2 protein chains.
Amino acid sequence: MASMLKGNAVVGQAGGPTVVINESLVGVIQEIQKYGHIEHLLGARHGVRGIINRQFLDLKRQPSQMLDLVGRTPAAALGATRDKPDQEYCEKILDVFRSEDVRYFFYIGGNDSAQSAKIINELTRDVRYELRVIHIPKTIDNDLLANDHTPGFGSAARFVASAFIGDNLDNRALRGVKINILMGRNAGFITAASVLARRQHDDGPHLVYVPERPFNLDEFVNDVAEVYNRYGRCLIAVSEGIADDQGRPWAETAALSHAEKRALDIDEFGNVALSPGAGALADFLSETVRQRCDGVQRVRADSFGYIQRSFPLARSEVDAWEARLVGQMAVSYSLDADRDGSVALIRLPGTTYAAGTQLVDLSAVAPDAAPFTRELDDEFINERGNNITNSFRNYCEPLVGELPGVGWFEQISQKPPWSA
Amino acid sequence: MASMLKGNAVVGQAGGPTVVINESLVGVIQEIQKYGHIEHLLGARHGVRGIINRQFLDLKRQPSQMLDLVGRTPAAALGATRDKPDQEYCEKILDVFRSEDVRYFFYIGGNDSAQSAKIINELTRDVRYELRVIHIPKTIDNDLLANDHTPGFGSAARFVASAFIGDNLDNRALRGVKINILMGRNAGFITAASVLARRQHDDGPHLVYVPERPFNLDEFVNDVAEVYNRYGRCLIAVSEGIADDQGRPWAETAALSHAEKRALDIDEFGNVALSPGAGALADFLSETVRQRCDGVQRVRADSFGYIQRSFPLARSEVDAWEARLVGQMAVSYSLDADRDGSVALIRLPGTTYAAGTQLVDLSAVAPDAAPFTRELDDEFINERGNNITNSFRNYCEPLVGELPGVGWFEQISQKPPWSA
């Protein structure tokens, strides 16, 4: 313990919200409260932007009661950012770190944030400023490399599975074709979670389309017609990021199919903001079904939108526990190991679900070459590329927690007495 | 009790789902299980359609354990319909009632269903077929006349309020303008429920637009700019049914503003299906803000869509209790009173919230002349028509139940020590 770096610490949050991102923040605060070698824990408002603007909150002496409440609150309590620091930006960060004697930097976020942490880390090493940099994983997309799964995903998956439980019953009560567009540009994990809603053999989602497989419009029309003929209804889960076999996103095609082309909104990382366009994708797919699937009378489409990542009632307790854990472990790793890295969630071997952590290199989560993010395993997608396997269900179920029960009369009464 | 009509009973469910519609069904079943004068309770599959097609389930001897599970399950367990019986349809219903010796008809639904019940009731009176007809209220829209509120609304309001708690925190963490389109063609109750999300003085929704007031695009742009200048962000709740001062729905204008005009989907009651168009309204309003509000950098829009009416985790326990109650009271009224009608929920006077029921005439809920449905009270809407008052909040809060708590660091630390 003699080698412990003395000084202050900074913690920040970045990227899109999750329901449990504050659990990780609280985990960092709780652990640091136990130690004397860190004088102040500075909470940066809106991530790296709060560092260069010197907008900090003092977090070390927050009462535990308040921390518990903040932990239960969705979306970054410190505020988030999508800024991605370049060299100049990082030098400003370093100036602030020097002047505030910051020796620990904890950054909670997805792979963009891991990338930021890596750049800062490299710069401080170059100029020989001693700084521990620990990245703490967070993303509803579940697309971080080197992780079995990511804090935030379990709650987003719980939202989606619960919504599909209700929507499947809605579709059963008022029959027709229903299409739901889910979050996920490159990874289909959130969309795949919809299959956890299934209880009976004929429950939806009946079809699931993820970005990992090219989406062919003719095959889609055939798939829908086939399910509709079998069940008299069809419930469909579609990732916003589905693309054709040329890699062109269907959300773009859908948006551009309106003659009045909408200005595509592009974020700081060069990503087209798909969620507004997800409405166009929903409309495009439902119009396609209306025009090309004979006999289908009622077609509806929704895009679940941003509430997938912040809905407080869909908090998964497993997810919350693990989000707290990775925050605590970040502090623990910063003390014991003389190296920087990212806290990765791993699944422990055994018959019942258990998770643990390990510290991996920042480059394992933010590599220099593709693949930069994780996608659905091949074994999670069926051969035809229009559904999700039980293997995924086994993987995902423990992360989501117990889902609401469902009852139906067919369980006990198929044939009423007077029809005999 | 000597006057009790002997025979069978039919119960059916109609219209859009709610999270608690099965509680009313279970309420009917539970009560009828106590009496011998009703031999069979026939559950009609898909409402009146199941009657003329003789698709019934025998519900009288269902085990209580199963009933409790069905009660907790969203969306009509018997299946629903949007059929609205005309004279010929009603004569077919009467034929079935005669041949099955049906003497009690319980119909769970909104004002269209009350209308159906009224027509059937008038026909049976004309032909002197003795039948008790009781309508049981259900609608997320909360727009039934003669009711303080309607079973199904509390849970939809709980979904919306919870979603806005999360989305407000999302908007606070990643600042910008966010527009959410909510259900409600003619009544703004669901949209108004978004204000229950507010905790701090600067919490959203900052602006709320309901169908009860004409929506002016210029005023909207000014409102958004004003809020954005004050808070650096703006969260907005908009009913899908907002219309201009000529009564023309903005969802139609938005849909038609795409040169490729989409085929408007019209349901059996002559209503344009607005929810698919709600995506177009979301896009239209966000494009308007992007083009006309200077300095606004990030604009997002979502349409909450169909999951508002079926999300199982947003069940309000008060709502569930009352939905059970109206089902039970329907049976009770059918025994005691020699008249038909609709079970209405009333609020009992007193300092704490309590509700009761009374049997009102079917024509009170399904009148022959306008107004056919209820709208937001004038005192629930502010003078400028862009927000919701505390009076509504007091009205709505008891129906929704306790909402998730929210914590933030500003509560205890405005000024960090090193900035002194």
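**Exercise 1. Confidence**

Find what the mean pLDDT of chain A is in this predicted model, and which stretches should not be read in detail.

*Solution.*
Step 1. Chain A has a mean pLDDT of 91, and 91% of its residues reach 70 or more.
Step 2. Residues 259-276 of chain A have pLDDT below 50, although the model gives this stretch 43 contacts beyond near neighbours in sequence.
Step 3. Residues 412-420 of chain A stay under 50 too, with 17 contacts beyond four places in sequence.
Step 4. Predicted coordinates should not be read in detail where pLDDT is low.
Step 5. For the model as a whole, ipTM is 0.93 and pTM is 0.94.

**Exercise 2. Fold and compactness**

State how many helices and strands chain A has, and decide whether its radius of gyration fits a globular protein.

*Solution.*
Step 1. Chain A contains 13 helices and 11 strands.
Step 2. The globule rule gives 22 Å for 420 residues, and the radius of gyration of chain A is 23 Å.
Step 3. These values are close, so chain A is as compact as a globular protein of that length.
Step 4. The C-alpha trace spans about 85 × 55 × 35 Å along its principal axes.

**Exercise 3. Interior, surface and charge**

Describe the burial, contacts, exposed area and charges of chain A.

*Solution.*
Step 1. Of the 420 residues in chain A, 67% are buried.
Step 2. Among contacts with a separation of 6 or more, 77% join residues 24 or more positions apart.
Step 3. About 15,200 Å² of chain A is exposed, and 45% of this comes from carbon and sulfur atoms.
Step 4. There are 44 positive and 56 negative side chains in chain A, and the centres of the two sets are 4 Å apart.

Definitions and conventions:
Residues numbered from 1 in each chain as written. Chains lettered and ligands numbered in written order. Predicted model: local features only at pLDDT ≥ 70, side-chain atom pairs only at ≥ 80, totals over all residues. Heavy atoms only, no water. Helix = DSSP H or I, 4+ residues; strand = E, 2+ residues; numbered from the N terminus. Rg over C-alpha atoms; globule rule 2.2 N^0.38 Å. Buried < 20%, exposed > 50% of the residue type's maximum accessible area, 1.4 Å probe, protein only. Contact = heavy atoms within 4.5 Å. Areas by Shrake-Rupley, 256 points an atom, 1.4 Å probe, with all protein chains shown as cover. Lys, Arg positive; Asp, Glu negative; His and termini not counted. Charge placed at Lys NZ, Arg CZ, Asp CG, Glu CD. pLDDT = per-residue confidence, 0-100.
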